[in-house]
Structures are given as structure tokens and as C-alpha cells.
Amino acid sequence: NGQICEISASIGTVWVKSGNKISKDELMSDADVALYAAKQSGRNRITYYCDDMGDAAKARDQLEIELTAAIRNDEFVLHYQPRLDVTTGRVVGAEGLVRWQHPTRGLVMPDDFIPTCEETGLIEDLGRMVLERGCAQAISWQNAGLDLIVSLNVSPRQFSDDNFMTVLSRLASQPDFPSGKIELEITENVLIGDHLQIAEKLQLISAMGYRIAIDDFGTGYSNLSYISRFPLRCLKIDQSFIEQLPESGPIIRLILTLGQQIGAVVVCEGVETQEQMDWLIDHNCSQ
């Protein structure tokens with residue numbers, strides 16, 4: 001109908017030496033592995049199978065099997081990283097960070113399993129568990145008389161899951177739900193798409209009693225038009241900016257000013273040295 005449609009192709013290819021025996025099923029399996037590698041490399045290309053690809057695919061499949069069992073066996077734990085008021089040094093909150101308590105490998109860090117969870121869809125079950133654990137911890141701290149905000153990460157795939165809002169609503173309906181004390185951290189890339197629809201969703205989440213924070217602010221889809229549309233309570237400056245101080249100072253000052261203008265708390269992540277801390281104190285960073 002007069003519309004131009006550009007189609008690209010990703011192709012996985014297996015080359016077999018003459019005389020080598022390989023079954024049809026093995027051939028198709030290897031080609032599928034090569035096709036996966038072609039897509040992972042950016043699509044619209046031909047990729048030839050090699051043994052390393054096969055080993056990587058087997059490791060990925062094995063990891064998926066182990067992760068599925070780990071979710072079923074409740075092998076994940078949350079560790080809490082404190083959030084400090086820069087001026088007083090008082091702990092004002094904590095970020096819940098998921099760890100995998102592997103039965104043989106010990107404590108596995110998220111970089112080693114979160115990408116696979118995202119890729120396979122397991123992040124939806126894992127994300128629900130993190131929300132439930134984090135909410136329970138916030139209730140426990142509230143009942144103990146502690147005034148703390150609990151920050152929990154929400155992945156792009158989890159945010160777009162149809163069941164996400166149902167889980168949030170169920171947790172918020174608890175009689176002792178700590179309204180205003182659960183902060184959901186989303187990255188800027190989550191905000192790509194229909195801004196009106198996303199704004200309505202965030203408004204609903206905010207109305208339930210959750211706080212909305214932008215994680216890794218300034219490193220993703222930095223379209224500032226969403227700042228005034230979305231109910232943002234917190235901007236989290238990525239630790240890569242803190243590591244580059246003082247060269248990154250102008251960018252951090254810009255975000256600090258932006259936070260003040262929109263009434264959002266600004267949190268600097270990854271502060272590891274006294275020099276970094278002194279710089280933040282001098283420039284009125286709040287947390």
C-alpha cells in the first residue's frame with residue numbers, strides 16, 4: 001500500500017568438513033546457536049558456528065536450568081546497602097540488592113545472572129520475589145520504629161510485564177504497608193515509548209504509595225521531557241560520574257540543580273573516597 005518496509009536477515013551457518021559425520025539434529029542445533037550469536041552481535045549479519053559458541057550456549061542453557069531451580073528453591077537473598085544523609089551521616093534508607101546463594105558456588109553477584117534472567121523471562125519471577133522481600137523488610141523496620149526508605153530495582157522487562165501492577169497493588173493493600181517508604185528504581189531506558197501511557201502507569205504506582213526513582217540518571221535515554229511529566233521523587237547519579245570527579249563535576253552540579261528545581265532527592269552512588277565525599281558536601285548533595 002505504498003509503505004516502504006525494510007527487512008534485515010540474521011543467518012547462522014554451519015560449515016562441515018568433508019567426511020565428518022554430523023546428524024541432522026546436531027546440524028540444526030549448531031546453526032541455531034550461530035543464529036543466536038548473529039542476533040546477539042547486532043543482527044543483520046551472517047555468523048559461522050564455532051565450538052566456542054557451542055560451549056557458551058551449553059553454559060547459558062545450564063545457567064537457565066540452575067536459575068529456574070534457584071527460584072523454585074528460594075536460593076536468592078537481599079543484601080542492603082545503606083543510604084546516608086550527606087550532612088548528618090545518618091542512615092536514611094537502604095537499597096535492596098539481590099544475591100544468589102548458590103549451593104556449590106557460594107554467593108553469586110547479579111552481573112553473573114541478571115542478564116540471563118532478563119533474556120529468558122525469569123526476571124519476572126525474580127523481580128516479584130525481590131519486591132515481596134523488600135516490602136517485608138520495610139514493614140519490619142517500620143514496626144521496629146526505624147524511619148527508612150527501602151529502594152528496590154525494577155527491570156525494563158519486569159516493568160512492562162502485565163502482572164507487575166497486580167503485584168504492586170497486592171503488596172500495597174497490606175494493612176501495615178509502609179506508604180511512602182518503598183522506592184522503585186527504574187532506568188531511563190524503561191521510559192522509552194508512549195510517554196502518556198508510561199506517565200499514567202507511574203501516576204498509578206505513585207498513588208498506591210510507592211516512590212519513583214530514576215536509577216543511573218544521565219547514562220541512558222536522557223530525554224528531559226519526561227522530567228515534568230512523571231512523578232519522580234529521586235534521581236540517582238551513576239557511580240561512573242563519581243569515579244570521574246572532579247572532571248565530571250559540571251555534570252553532577254547540573255543534576256543536583258535539576259533535582260532541586262523539580263523537588264527530587266539526588267543520591268550519588270559509589271562514593272568510595274573522602275575526596276569524593278568532601279566534593280559532594282561542598283556542592284550540597286543531599287544523599
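Trainee: In this predicted model, does Phe113 count as buried or exposed, and at what relative accessibility?
Mentor: Buried here means under 20% relative accessible area, and Phe113 falls under that cut-off, so Phe113 counts as buried. Its relative accessibility is 0%.

Trainee: Which residue forms an aromatic pair with Phe113, and how is the pair arranged?
Mentor: A search of the whole structure finds six aromatic pairs. In one of them, the ring centres are 5.5 Å apart and the planes meet at 50°, which makes the pair tilted. The partner of Phe113 in this pair is Phe76.

Trainee: How many residues apart in sequence are the parts that this pair ties together?
Mentor: Phe76 belongs to strand β3, whereas Phe113 sits in the loop between β5 (106-108) and α3 (114-120). Phe76 is itself buried, with a relative accessible area of 3%. Because the two rings come from these two elements, the pair ties together parts whose separation in sequence is 37 residues.

Trainee: Which residue joins Phe76 and Phe113 in one aromatic cluster?
Mentor: Phe76 and Phe113 already form an aromatic pair, and the cluster that holds them both has a further member. That member is Trp100.

Trainee: How far apart are the end C-alpha atoms of helix α1, set against the expected span?
Mentor: Helix α1 covers residues 24-40, and at 1.5 Å a residue its 17 residues should span 24 Å. The distance between its end C-alpha atoms agrees with that expectation, being 24 Å.

Trainee: Within what arc do the buried residues of α1 fall?
Mentor: The buried residues in α1 are Asp30, Ala31, Val33, Ala34, Ala37 and Ala38. Seen down the axis, they line one face of the helix, because their directions stay within a limited arc, while Lys24, Asp25, Met28 and Gln40 are exposed on the other side. An α-helix has 3.6 residues a turn, so residues three or four places apart point the same way. The arc for the buried residues of α1 is 155°.

Trainee: Against which elements do the buried residues of α1 pack?
Mentor: The buried set includes Val33 and Ala37, and the packing partners of the buried residues comprise two strands and a helix. These are β1 (11-13), β2 (46-48) and α2 (51-72).

Trainee: Which side chain of opposite charge is nearest to buried Asp85, and how far away is it?
Mentor: Asp85 lies in the loop between β3 (76-84) and β4 (91-102), where its contacts include Val92, Ser286 and Gln287. A salt bridge would need a side-chain nitrogen within 4 Å of a carboxyl oxygen, and Asp85 has none. The nearest side chain of opposite charge, at 5.6 Å, is that of Arg90.

Key: Residues numbered from 1 in each chain as written. Predicted model: local features only at pLDDT ≥ 70, side-chain atom pairs only at ≥ 80, totals over all residues. Heavy atoms only, no water. Helix = DSSP H or I, 4+ residues; strand = E, 2+ residues; numbered from the N terminus. Buried < 20%, exposed > 50% of the residue type's maximum accessible area, 1.4 Å probe, protein only. Lys, Arg positive; Asp, Glu negative; His and termini not counted. Contact = heavy atoms within 4.5 Å. Expected span 1.5 Å × (residues − 1). Arc of directions from axis to C-beta. Phe/Tyr/Trp six-rings, centres within 6.5 Å; stacked < 30°, edge-to-face > 60°.
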